[in-house]
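The following exercises ask for a reading of the structure shown below. Each task is followed by a solution in steps.

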Amino acid sequence: MKAVFLRRHGGPEVLEYGVRPDPKPGPGEVLVSVRACALNHLDIWVRQGLPGVSIPLPHIPGSDVCGVVLSTGPGAGRFKRGQRVIVSPGQVPPGDPEGYAARDSYSHRFRIMGLQTPGGYAEKVVAEERFVVPVSSRWSDAEWAALPLAGLTAYHMLVTRAGLRAGETVLVHAAGSGIGAYAVQIAKTLGATVLTTVGDPRKVTPALKLGADEVIQYRREDFSEKVRALTGGRGVDVIFEHIGPETWPKNLTCLARGGRMVTCGATSGPKAEVDIRYLYSKQLSILGSYMGSFAELSRVIEMAEGGTLRPVVDRTYSLRRAAEAHRRMESRANFGKIVLRVR
Ligand SMILES: NC(=O)c1ccc[n+]([C@@H]2O[C@H](COP(=O)([O-])OP(=O)(O)OC[C@H]3O[C@@H](n4cnc5c(N)ncnc54)[C@H](OP(=O)(O)O)[C@@H]3O)[C@@H](O)[C@H]2O)c1
(Lines give C-alpha, C1' and ligand atoms only; values in the text may rest on other atoms or scores of the structure.)
Protein backbone atom coordinates (compact mmCIF):
# COMPACT_ATOMS: atom_id res chain seq x y z
CA MET A 1 0.00 0.00 0.00
CA LYS A 2 0.98 3.66 -0.38
CA ALA A 3 1.82 5.41 2.88
CA VAL A 4 3.70 8.31 4.41
CA PHE A 5 6.27 7.14 6.96
CA LEU A 6 9.46 8.13 8.74
CA ARG A 7 12.74 6.22 8.91
CA ARG A 8 14.32 8.81 11.21
CA HIS A 9 13.08 11.68 13.37
CA GLY A 10 13.40 15.29 12.27
CA GLY A 11 11.69 18.08 10.32
CA PRO A 12 8.89 17.72 7.73
CA GLU A 13 11.49 16.49 5.20
CA VAL A 14 11.71 13.10 6.99
CA LEU A 15 8.13 12.29 5.91
CA GLU A 16 8.55 9.87 2.98
CA TYR A 17 5.80 8.91 0.55
CA GLY A 18 6.28 5.33 -0.63
CA VAL A 19 5.19 1.71 -0.37
CA ARG A 20 4.74 -0.17 2.92
CA PRO A 21 3.51 -3.75 3.49
CA ASP A 22 -0.29 -4.18 3.62
CA PRO A 23 -1.58 -4.77 7.17
CA LYS A 24 -3.62 -7.98 7.64
CA PRO A 25 -6.57 -8.23 10.03
CA GLY A 26 -5.96 -10.76 12.83
CA PRO A 27 -8.65 -12.41 14.99
CA GLY A 28 -11.28 -9.88 16.06
CA GLU A 29 -9.79 -7.17 13.83
CA VAL A 30 -11.08 -5.04 10.96
CA LEU A 31 -9.11 -3.85 7.92
CA VAL A 32 -10.10 -0.29 7.01
CA SER A 33 -9.47 1.41 3.67
CA VAL A 34 -8.50 4.93 4.77
CA ARG A 35 -10.29 7.78 3.01
CA ALA A 36 -9.06 10.65 5.18
CA CYS A 37 -6.67 11.11 8.10
CA ALA A 38 -6.47 14.28 10.19
CA LEU A 39 -3.28 15.77 11.59
CA ASN A 40 -2.82 16.44 15.29
CA HIS A 41 -0.04 18.40 16.96
CA LEU A 42 0.97 14.97 18.28
CA ASP A 43 2.09 14.09 14.74
CA ILE A 44 4.73 16.81 15.00
CA TRP A 45 6.00 15.40 18.31
CA VAL A 46 6.01 11.87 16.79
CA ARG A 47 7.93 13.12 13.75
CA GLN A 48 10.45 14.99 15.91
CA GLY A 49 10.78 12.15 18.45
CA LEU A 50 9.42 12.17 22.00
CA PRO A 51 11.75 11.86 25.00
CA GLY A 52 11.08 8.57 26.84
CA VAL A 53 8.87 7.13 24.07
CA SER A 54 10.50 4.63 21.76
CA ILE A 55 8.84 4.53 18.34
CA PRO A 56 9.97 1.58 16.20
CA LEU A 57 11.08 2.87 12.78
CA PRO A 58 9.99 2.98 10.03
CA HIS A 59 6.78 4.37 11.49
CA ILE A 60 3.48 5.50 9.94
CA PRO A 61 1.94 8.42 11.91
CA GLY A 62 -1.73 9.46 12.01
CA SER A 63 -4.32 9.01 14.77
CA ASP A 64 -7.59 10.12 13.17
CA VAL A 65 -9.02 7.90 10.45
CA CYS A 66 -12.26 7.86 8.49
CA GLY A 67 -12.62 5.09 5.91
CA VAL A 68 -14.58 2.06 4.78
CA VAL A 69 -14.35 -1.55 5.90
CA LEU A 70 -12.38 -3.72 3.47
CA SER A 71 -12.39 -7.07 5.29
CA THR A 72 -12.55 -8.60 8.74
CA GLY A 73 -10.44 -11.17 10.57
CA PRO A 74 -11.72 -14.39 12.19
CA GLY A 75 -14.37 -13.73 14.84
CA ALA A 76 -15.05 -10.14 13.76
CA GLY A 77 -18.59 -9.99 12.40
CA ARG A 78 -20.11 -6.62 13.21
CA PHE A 79 -19.16 -4.86 9.99
CA LYS A 80 -19.95 -5.32 6.31
CA ARG A 81 -17.53 -4.60 3.47
CA GLY A 82 -17.91 -0.97 2.34
CA GLN A 83 -19.38 0.26 5.62
CA ARG A 84 -18.25 3.79 6.54
CA VAL A 85 -16.38 3.98 9.84
CA ILE A 86 -14.01 5.94 12.01
CA VAL A 87 -11.37 4.35 14.24
CA SER A 88 -10.89 5.23 17.90
CA PRO A 89 -7.45 6.83 18.27
CA GLY A 90 -7.09 5.48 21.84
CA GLN A 91 -7.19 1.74 22.47
CA VAL A 92 -6.75 -0.62 25.45
CA PRO A 93 -6.19 -4.38 25.29
CA PRO A 94 -9.19 -6.69 25.91
CA GLY A 95 -9.96 -7.26 29.58
CA ASP A 96 -8.17 -4.13 30.81
CA PRO A 97 -9.85 -3.15 34.11
CA GLU A 98 -9.72 0.58 33.30
CA GLY A 99 -11.42 -0.17 29.97
CA TYR A 100 -14.33 -1.76 31.81
CA ALA A 101 -14.55 1.26 34.08
CA ALA A 102 -14.58 3.55 31.00
CA ARG A 103 -11.30 5.07 32.15
CA ASP A 104 -9.26 3.83 29.17
CA SER A 105 -6.69 6.63 29.14
CA TYR A 106 -5.82 5.94 32.81
CA SER A 107 -4.56 2.45 31.88
CA HIS A 108 -0.80 1.96 31.66
CA ARG A 109 -1.59 -0.17 28.59
CA PHE A 110 -3.49 2.64 26.80
CA ARG A 111 -2.17 3.01 23.25
CA ILE A 112 -2.61 5.77 20.66
CA MET A 113 -2.84 4.80 17.00
CA GLY A 114 -0.07 6.58 15.11
CA LEU A 115 2.08 6.85 18.24
CA GLN A 116 2.57 3.36 19.64
CA THR A 117 0.97 1.54 16.66
CA PRO A 118 1.01 2.16 12.87
CA GLY A 119 -1.30 5.05 11.96
CA GLY A 120 -3.51 6.43 9.23
CA TYR A 121 -1.10 8.22 6.85
CA ALA A 122 -1.67 5.13 4.71
CA GLU A 123 -4.15 3.45 2.41
CA LYS A 124 -5.00 0.82 5.04
CA VAL A 125 -5.10 0.43 8.82
CA VAL A 126 -6.07 -2.44 11.06
CA ALA A 127 -7.94 -2.05 14.35
CA GLU A 128 -9.70 -4.23 16.86
CA GLU A 129 -13.40 -4.37 16.02
CA ARG A 130 -14.32 -2.83 19.42
CA PHE A 131 -12.58 0.39 18.39
CA VAL A 132 -14.23 0.78 14.99
CA VAL A 133 -17.36 2.96 14.96
CA PRO A 134 -19.94 3.22 12.16
CA VAL A 135 -20.73 6.79 11.09
CA SER A 136 -23.45 8.33 8.94
CA SER A 137 -23.26 10.46 5.81
CA ARG A 138 -23.98 13.60 7.84
CA TRP A 139 -20.35 14.75 7.48
CA SER A 140 -17.72 14.26 4.77
CA ASP A 141 -14.75 11.87 5.15
CA ALA A 142 -12.47 14.81 5.99
CA GLU A 143 -14.95 16.14 8.56
CA TRP A 144 -15.34 12.79 10.31
CA ALA A 145 -11.56 12.32 10.34
CA ALA A 146 -11.22 15.76 11.93
CA LEU A 147 -13.27 14.80 14.95
CA PRO A 148 -12.04 11.88 17.10
CA LEU A 149 -8.79 12.77 18.91
CA ALA A 150 -9.36 16.50 19.29
CA GLY A 151 -13.10 16.20 20.02
CA LEU A 152 -12.48 13.51 22.62
CA THR A 153 -9.68 15.48 24.31
CA ALA A 154 -11.77 18.68 24.52
CA TYR A 155 -14.75 16.71 25.92
CA HIS A 156 -12.67 14.88 28.55
CA MET A 157 -10.99 18.13 29.64
CA LEU A 158 -14.12 20.23 30.00
CA VAL A 159 -16.81 17.73 30.96
CA THR A 160 -15.01 14.97 32.84
CA ARG A 161 -11.95 16.65 34.35
CA ALA A 162 -12.98 20.29 34.89
CA GLY A 163 -16.72 19.61 35.34
CA LEU A 164 -17.63 22.85 33.54
CA ARG A 165 -21.19 23.88 34.41
CA ALA A 166 -23.89 26.12 32.95
CA GLY A 167 -23.45 29.73 34.06
CA GLU A 168 -19.67 29.42 34.52
CA THR A 169 -17.09 31.32 32.47
CA VAL A 170 -14.25 29.54 30.69
CA LEU A 171 -11.13 30.77 28.93
CA VAL A 172 -10.25 28.52 25.97
CA HIS A 173 -6.71 29.11 24.74
CA ALA A 174 -6.29 29.14 20.93
CA ALA A 175 -9.75 28.80 19.37
CA GLY A 176 -7.97 27.95 16.12
CA SER A 177 -6.15 24.91 17.51
CA GLY A 178 -7.68 21.53 16.70
CA ILE A 179 -8.72 20.98 20.31
CA GLY A 180 -9.69 24.63 20.92
CA ALA A 181 -12.20 24.66 18.05
CA TYR A 182 -14.08 21.81 19.76
CA ALA A 183 -13.63 23.20 23.26
CA VAL A 184 -15.39 26.45 22.29
CA GLN A 185 -18.36 24.49 20.93
CA ILE A 186 -18.56 22.02 23.84
CA ALA A 187 -18.36 24.81 26.41
CA LYS A 188 -21.22 26.66 24.71
CA THR A 189 -23.28 23.45 24.63
CA LEU A 190 -22.73 23.16 28.39
CA GLY A 191 -24.15 26.69 28.85
CA ALA A 192 -20.88 28.44 29.74
CA THR A 193 -19.72 31.91 28.71
CA VAL A 194 -16.68 31.42 26.48
CA LEU A 195 -13.69 33.73 26.24
CA THR A 196 -11.04 32.60 23.80
CA THR A 197 -7.68 33.71 22.39
CA VAL A 198 -6.25 33.92 18.87
CA GLY A 199 -2.77 34.79 17.65
CA ASP A 200 -3.87 36.13 14.29
CA PRO A 201 -6.65 38.67 13.54
CA ARG A 202 -7.89 36.40 10.70
CA LYS A 203 -8.96 33.89 13.34
CA VAL A 204 -11.36 36.29 15.11
CA THR A 205 -14.38 35.80 12.82
CA PRO A 206 -14.15 31.97 12.71
CA ALA A 207 -13.85 31.93 16.52
CA LEU A 208 -17.01 34.04 16.87
CA LYS A 209 -18.79 31.77 14.36
CA LEU A 210 -18.00 28.76 16.60
CA GLY A 211 -19.90 30.53 19.37
CA ALA A 212 -17.21 32.32 21.39
CA ASP A 213 -18.60 35.26 23.39
CA GLU A 214 -15.32 37.23 23.40
CA VAL A 215 -12.16 36.79 21.32
CA ILE A 216 -8.91 38.13 22.76
CA GLN A 217 -6.04 38.93 20.38
CA TYR A 218 -3.22 38.13 22.80
CA ARG A 219 -0.48 39.63 20.61
CA ARG A 220 -2.21 43.03 20.86
CA GLU A 221 -3.39 42.94 24.48
CA ASP A 222 -2.42 41.08 27.64
CA PHE A 223 -4.88 38.16 27.82
CA SER A 224 -4.95 38.00 31.62
CA GLU A 225 -5.68 41.72 32.01
CA LYS A 226 -8.40 41.43 29.36
CA VAL A 227 -9.95 38.40 31.10
CA ARG A 228 -10.03 40.27 34.41
CA ALA A 229 -11.58 43.29 32.69
CA LEU A 230 -14.21 41.18 30.93
CA THR A 231 -15.18 39.42 34.18
CA GLY A 232 -15.37 42.58 36.32
CA GLY A 233 -12.12 41.63 38.10
CA ARG A 234 -13.41 38.22 39.20
CA GLY A 235 -11.57 35.96 36.72
CA VAL A 236 -12.78 32.81 34.96
CA ASP A 237 -13.97 29.59 36.59
CA VAL A 238 -12.11 27.30 34.19
CA ILE A 239 -9.08 27.62 31.90
CA PHE A 240 -8.71 25.20 28.98
CA GLU A 241 -4.91 25.11 28.81
CA HIS A 242 -2.51 23.46 26.37
CA ILE A 243 0.05 26.15 25.59
CA GLY A 244 2.52 25.76 28.49
CA PRO A 245 5.13 28.18 29.88
CA GLU A 246 3.91 31.06 27.67
CA THR A 247 0.50 31.08 29.40
CA TRP A 248 0.79 29.30 32.80
CA PRO A 249 1.98 32.21 34.96
CA LYS A 250 -0.70 34.57 33.61
CA ASN A 251 -3.39 31.88 33.79
CA LEU A 252 -3.05 31.82 37.57
CA THR A 253 -3.62 35.58 37.75
CA CYS A 254 -6.94 35.45 35.85
CA LEU A 255 -8.55 32.39 37.42
CA ALA A 256 -11.41 33.14 39.82
CA ARG A 257 -11.20 31.97 43.44
CA GLY A 258 -11.83 28.22 43.46
CA GLY A 259 -11.02 28.12 39.70
CA ARG A 260 -9.79 25.08 37.82
CA MET A 261 -7.09 24.98 35.17
CA VAL A 262 -7.20 21.84 33.06
CA THR A 263 -4.20 21.11 30.87
CA CYS A 264 -3.36 18.58 28.18
CA GLY A 265 -0.42 20.11 26.36
CA ALA A 266 2.97 21.75 26.35
CA THR A 267 3.09 23.38 22.92
CA SER A 268 5.44 26.19 24.02
CA GLY A 269 7.65 23.95 26.19
CA PRO A 270 7.54 21.37 28.97
CA LYS A 271 8.35 23.43 32.08
CA ALA A 272 6.17 26.19 33.48
CA GLU A 273 6.41 28.49 36.46
CA VAL A 274 3.76 28.39 39.19
CA ASP A 275 3.52 31.19 41.75
CA ILE A 276 2.38 29.00 44.65
CA ARG A 277 0.83 32.00 46.39
CA TYR A 278 -1.94 32.22 43.76
CA LEU A 279 -2.51 28.47 44.02
CA TYR A 280 -3.27 28.45 47.75
CA SER A 281 -4.72 31.90 48.33
CA LYS A 282 -7.24 31.49 45.51
CA GLN A 283 -7.75 27.76 46.30
CA LEU A 284 -7.09 26.78 42.68
CA SER A 285 -7.03 23.29 41.18
CA ILE A 286 -4.64 22.24 38.39
CA LEU A 287 -5.85 19.17 36.52
CA GLY A 288 -3.98 17.03 34.01
CA SER A 289 -5.89 15.46 31.12
CA TYR A 290 -4.97 12.79 28.59
CA MET A 291 -7.27 11.92 25.65
CA GLY A 292 -10.32 10.11 27.12
CA SER A 293 -12.29 6.87 27.07
CA PHE A 294 -14.10 5.04 24.30
CA ALA A 295 -17.37 5.82 26.12
CA GLU A 296 -16.58 9.55 25.90
CA LEU A 297 -15.63 9.23 22.23
CA SER A 298 -19.02 7.62 21.59
CA ARG A 299 -20.68 10.65 23.22
CA VAL A 300 -18.63 13.02 21.02
CA ILE A 301 -19.68 11.10 17.87
CA GLU A 302 -23.30 11.24 19.06
CA MET A 303 -22.99 15.03 19.44
CA ALA A 304 -21.62 15.29 15.88
CA GLU A 305 -24.35 13.02 14.51
CA GLY A 306 -26.94 15.22 16.25
CA GLY A 307 -25.35 18.44 15.00
CA THR A 308 -24.46 19.93 18.41
CA LEU A 309 -20.76 19.51 17.56
CA ARG A 310 -19.49 20.53 14.13
CA PRO A 311 -16.22 19.14 12.75
CA VAL A 312 -13.90 22.03 11.87
CA VAL A 313 -11.72 21.41 8.81
CA ASP A 314 -9.09 24.02 8.00
CA ARG A 315 -7.67 22.63 4.74
CA THR A 316 -7.15 19.28 3.04
CA TYR A 317 -4.01 17.95 1.33
CA SER A 318 -3.40 14.78 -0.67
CA LEU A 319 -1.50 12.11 1.28
CA ARG A 320 1.70 12.64 -0.68
CA ARG A 321 1.72 16.31 0.46
CA ALA A 322 1.87 15.39 4.17
CA ALA A 323 5.09 17.38 4.67
CA GLU A 324 3.37 20.54 3.40
CA ALA A 325 0.46 19.88 5.77
CA HIS A 326 2.94 19.59 8.69
CA ARG A 327 4.53 22.91 7.68
CA ARG A 328 1.14 24.61 7.75
CA MET A 329 0.45 23.31 11.27
CA GLU A 330 3.91 24.35 12.48
CA SER A 331 3.39 27.86 11.08
CA ARG A 332 0.22 28.14 13.24
CA ALA A 333 -1.81 29.18 10.18
CA ASN A 334 -4.56 26.58 10.66
CA PHE A 335 -7.99 27.28 12.10
CA GLY A 336 -9.24 23.83 13.06
CA LYS A 337 -8.04 20.57 11.61
CA ILE A 338 -5.73 19.89 8.67
CA VAL A 339 -6.75 16.67 6.92
CA LEU A 340 -4.96 14.35 4.46
CA ARG A 341 -7.10 12.94 1.65
CA VAL A 342 -6.07 9.36 1.12
CA ARG A 343 -8.50 8.06 -1.52
N1 LIG B 1 -2.94 15.21 26.31
C2 LIG B 1 -3.80 14.99 25.32
O3 LIG B 1 -4.65 14.12 25.42
C4 LIG B 1 -3.75 15.86 24.09
C5 LIG B 1 -4.64 15.64 23.04
C6 LIG B 1 -4.66 16.52 21.95
C7 LIG B 1 -3.76 17.59 21.92
N8 LIG B 1 -2.87 17.72 22.94
C9 LIG B 1 -1.91 18.85 22.93
O10 LIG B 1 -2.63 20.06 22.81
C11 LIG B 1 -1.89 21.00 22.05
C12 LIG B 1 -2.74 21.48 20.88
O13 LIG B 1 -2.93 20.40 19.97
P14 LIG B 1 -3.66 20.63 18.56
O15 LIG B 1 -3.55 19.37 17.79
O16 LIG B 1 -5.00 21.22 18.79
O17 LIG B 1 -2.66 21.75 17.94
P18 LIG B 1 -2.75 22.75 16.72
O19 LIG B 1 -3.99 22.51 15.91
O20 LIG B 1 -1.42 22.70 16.05
O21 LIG B 1 -2.92 24.18 17.42
C22 LIG B 1 -1.91 24.78 18.15
C23 LIG B 1 -2.22 26.30 18.28
O24 LIG B 1 -1.75 26.77 19.53
C25 LIG B 1 -1.49 28.18 19.42
N26 LIG B 1 -0.21 28.49 20.07
C27 LIG B 1 -0.07 29.34 21.12
N28 LIG B 1 1.19 29.42 21.47
C29 LIG B 1 1.90 28.64 20.67
C30 LIG B 1 3.27 28.33 20.55
N31 LIG B 1 4.19 28.85 21.35
N32 LIG B 1 3.63 27.45 19.57
C33 LIG B 1 2.74 26.91 18.75
N34 LIG B 1 1.41 27.17 18.83
C35 LIG B 1 0.99 28.03 19.77
C36 LIG B 1 -1.46 28.51 17.92
O37 LIG B 1 -2.63 29.25 17.61
P38 LIG B 1 -2.53 30.88 17.70
O39 LIG B 1 -1.33 31.26 16.91
O40 LIG B 1 -3.83 31.36 17.14
O41 LIG B 1 -2.40 31.19 19.15
C42 LIG B 1 -1.51 27.15 17.24
O43 LIG B 1 -2.16 27.18 16.00
C44 LIG B 1 -0.60 20.29 21.65
O45 LIG B 1 0.40 20.57 22.61
C46 LIG B 1 -0.97 18.82 21.74
O47 LIG B 1 0.13 17.98 21.93
C48 LIG B 1 -2.86 16.89 24.02
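**Exercise 1. Locate P58 and describe the peptide bond that precedes it.**

Solution. P58 sits in the loop between α1 and β4 (64-72); helices (H or I, at least four residues) and strands (E, at least two) are DSSP runs, numbered from the N terminus. The peptide bond from L57 to P58 is cis, with omega near 0 degrees. Most residues other than glycine have a negative phi, and most peptide bonds are trans.

The model is a predicted one: local features need pLDDT of at least 70, side-chain atom pairs count only at pLDDT 80 or more, and totals for chains, interfaces and linings use all residues. Residue numbers start from 1 along each chain as its sequence is written.

**Exercise 2. Place A102 and R332, and state how exposed each residue is.**

Solution. Step one concerns A102, found in the loop between α2 (97-100) and β7 (111-112). Its phi is positive, about 60 degrees, although A102 is not a glycine. A102 has 14 C-beta neighbours inside 10 Å and therefore counts as partly exposed. The scale is as follows: a residue is buried if 20 or more other C-beta atoms lie within 10 Å of its own, exposed if 12 or fewer, and partly exposed in between, with C-beta atoms placed from the backbone.

Step two concerns R332, in the loop between α11 (322-330) and β17 (337-341). Phi of R332 is near 65 degrees, a positive value in a residue other than glycine. R332 counts as partly exposed because it has 14 C-beta neighbours inside 10 Å.

**Exercise 3. Determine whether Y155 is buried or exposed, and list its contacts.**

Solution. Y155 belongs to helix α4. With 24 other C-beta atoms within 10 Å, Y155 is buried. Apart from neighbours within four places in sequence, Y155 is in contact (C-beta atoms, placed from the backbone, within 7 Å) with I186, G292, E296, R299 and V300.

**Exercise 4. Describe the domains and the contact between them.**

Solution. The domain assignment gives domain 1 (2-147 + 311-341) and domain 2 (151-288); such bounds come from an automatic or database domain assignment. The contact takes nine residues from domain 1 and eight residues from domain 2. On the side of domain 1 that touches domain 2 there are three nonpolar, four polar and two charged residues. In this classification Ala, Val, Leu, Ile, Met, Phe, Trp, Tyr, Cys and Pro count as nonpolar, Asp, Glu, Lys and Arg as charged, and the others, Gly among them, as polar. The C-alpha centres of domain 1 and domain 2 lie 28 Å apart.

**Exercise 5. Characterise the shell around the ligand.**

Solution. The ligand is surrounded by 28 residues, of which H41, S177, G178, G199 and G265 are the closest; a residue is near if its C-beta atom, placed from the backbone, lies within 6 Å of the molecule. By class, the shell has 12 nonpolar, 12 polar and four charged residues. At least two residues of the shell come from each of α1 (41-48), α4 (148-161) and α5 (178-189), and α4 supplies the largest share, three residues. Because domain 1 and domain 2 both give residues to the shell, the ligand lies between them.

**Exercise 6. Which residues touch the most other members of the largest nonpolar core?**

Solution. They are V32 and A183, in a core of 100 residues. Domain 1 and domain 2 each contribute at least three residues to this core. A nonpolar core is a set of buried Ala, Val, Leu, Ile, Met, Phe, Trp, Tyr and Cys residues joined through C-beta atoms within 7 Å. Not counting residues up to four places away in sequence, A183 touches A154, M157, L158, V172 and F240.

Terms used. Contact = placed C-beta atoms within 7 Å.
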